[in-house]
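Here's a quick briefing to read with the model open beside you. Two topics come up: a sheet, and a pair of helices.

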Amino acid sequence: MDTTFLHGKIILEDRVLEDGAVVVQQGAIAWLGPTSVLQNKPEPSVDLGGFYLCPGFIDLHVHGGGGVDSMVGDPEALKTIVRTHEAFGTTSLCLATLSAPIDQLHRALASIHQLAARGTGGARLLGSYLEGPFINPARCGPHPVEHILEPDLRCLQSCALAAGGWLRVVSLAPEMPDADKLIRWTVHDMGLIAAIGHTSATCEQTEAAIQAGCRLCTHLFNNMMPFHHRDPNAAGAVLASQAAVAELVMEPTHVHPAAARIALRCLGADRLALITDATSVVGSPDGTGLHGGRRVIFQDGVAQFEDGHLAGSALTMIDAVRAFISQAGVEPAVAVRCASLVPARLLGIGDRLGSIAVGKHADLLVLDPSDLRVLQTYVGGARIYKTDY
Ligand SMILES: [Zn+2]
């Protein structure tokens, strides 16, 4: 998969290289620099004509897309989710589960494992993200409350077994009884990422969880107690921490742009990860879908259950990046970094994915700088998506 990209605005880890070139050889980035100094331009070449070339996005937390829910339990159907998000700039993703009867949860994890192991033929499926069932019922959000369980190590171990080595993240409420045992096993025995989420944890309980090894905060601000100057709660403990990475659903019904700016100032461009938390309504033909077995309606950019409660999101990665830039006033290189390099490093794959750098896989996007539309998506140097422009 060899291609030479010429005359692009190349979004690097910390800046934009104007009139830059990127040489891709055998699916990896072999050279980058100003187009003017590139001698004997290797063929085939693509003249970007001033379009952005940026690293593909890595979405840690996806529940669905194209009308399909990650709990479907069918590897072929899961491909539809992956295909749908490729058009919005996602080149790698983890599929997140929702609290469900345990045999259904096992089936869902097993089907993610099967598709990840055999490959999707497009974007990289990096594994599964166990969200629930060990969460606080008082902060359940879209999780069906009847399927929430008290933390149980054997049950978590059975889920990890079903996930067949593809489990990446375990998100739980650290204040629940025995949650500390599950955190220890996840982090120290398995070497996986433990996350704090759907929680009523106090500041002190959250600090203890971070101390015990929790490295991620599931959708900061959403489904947790808010920051208050006398009771900073989980949100305050994460913002004040020196270690945790926070996910952000950069969409106005989830997070106000000022709150996003506060999060970026506190955590910096190395510890804020843009996610979609997307449900099946993204890219669904009729704007409806299922989330946790309940009907979701997509209207005016918002995914809601029939009772009006938020049902995850209808966000895409490119919309999250665009909102981070246009609403929160973040520099393009920083917004892209929070959608690519930060999640790559969190997952321990920052040496090969997450930015445009020599030696890394050529997972790349061509974006229109006027509206940040995704024009082309590449994985390992192979073009997997293209729109007319
Ligand atoms: Zn979620």
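Which residue in β18 does Phe-298 stand opposite? That would be Ala-303. Bear in mind that this is a predicted model, and let's take the strands before the helices.

**The sheet**

- β16, β17 and β18 line up in that order as an open sheet of three strands, with antiparallel pairing.
- At the edges sit β16 (288-291) and β18 (302-305), each of which pairs on one side only.
- From one strand to the next, the twist averages 35 degrees.
- As for what holds such an arrangement together, strands of a sheet pair through backbone hydrogen bonds, either parallel or antiparallel.
- Strand β17 covers residues 294-299 and runs antiparallel to β18, with four bridges joining the two.
- Across that pair, Ala-303 in β18 is the residue facing Phe-298.

**The helix pair**

- Helix α5 spans residues 203-211 and helix α6 spans residues 233-240; their axes come within 7 Å and cross at roughly 45 degrees.
- That crossing angle is neither under 35 degrees nor in the 65 to 115 range, so α5 and α6 count as oblique to each other.
- As for handedness, α5 goes past α6 in a right-handed crossing.
- On the α5 side, the contact is made by Cys-203, Thr-206 and Glu-207.
- Their partners in α6 are Asn-233, Ala-234, Gly-236, Ala-237 and Val-238.
- Sorted by class, the α5 contact with α6 comes out as four nonpolar, three polar and one charged residues.

Technical notes
Residues are numbered from 1 along each chain as its sequence is written. This is a predicted model: local features need pLDDT of at least 70, side-chain atom pairs count only at pLDDT 80 or more; totals for chains, interfaces and linings use all residues. Two strands pair if DSSP finds at least two bridges between them. Axes are lines fitted to C-alpha atoms, for helices over the stretch in contact, and angles run from 0 to 180 degrees between N-to-C directions. Angles under 35 degrees count as roughly parallel, over 145 as roughly antiparallel, 65 to 115 as roughly perpendicular and the rest as oblique. A crossing is left-handed if the near helix is turned anticlockwise from the far one by less than a right angle, and right-handed if clockwise. Two residues are in contact if their C-beta atoms, placed from the backbone, lie within 7 Å. Ala, Val, Leu, Ile, Met, Phe, Trp, Tyr, Cys and Pro count as nonpolar, Asp, Glu, Lys and Arg as charged, and the others, Gly among them, as polar.
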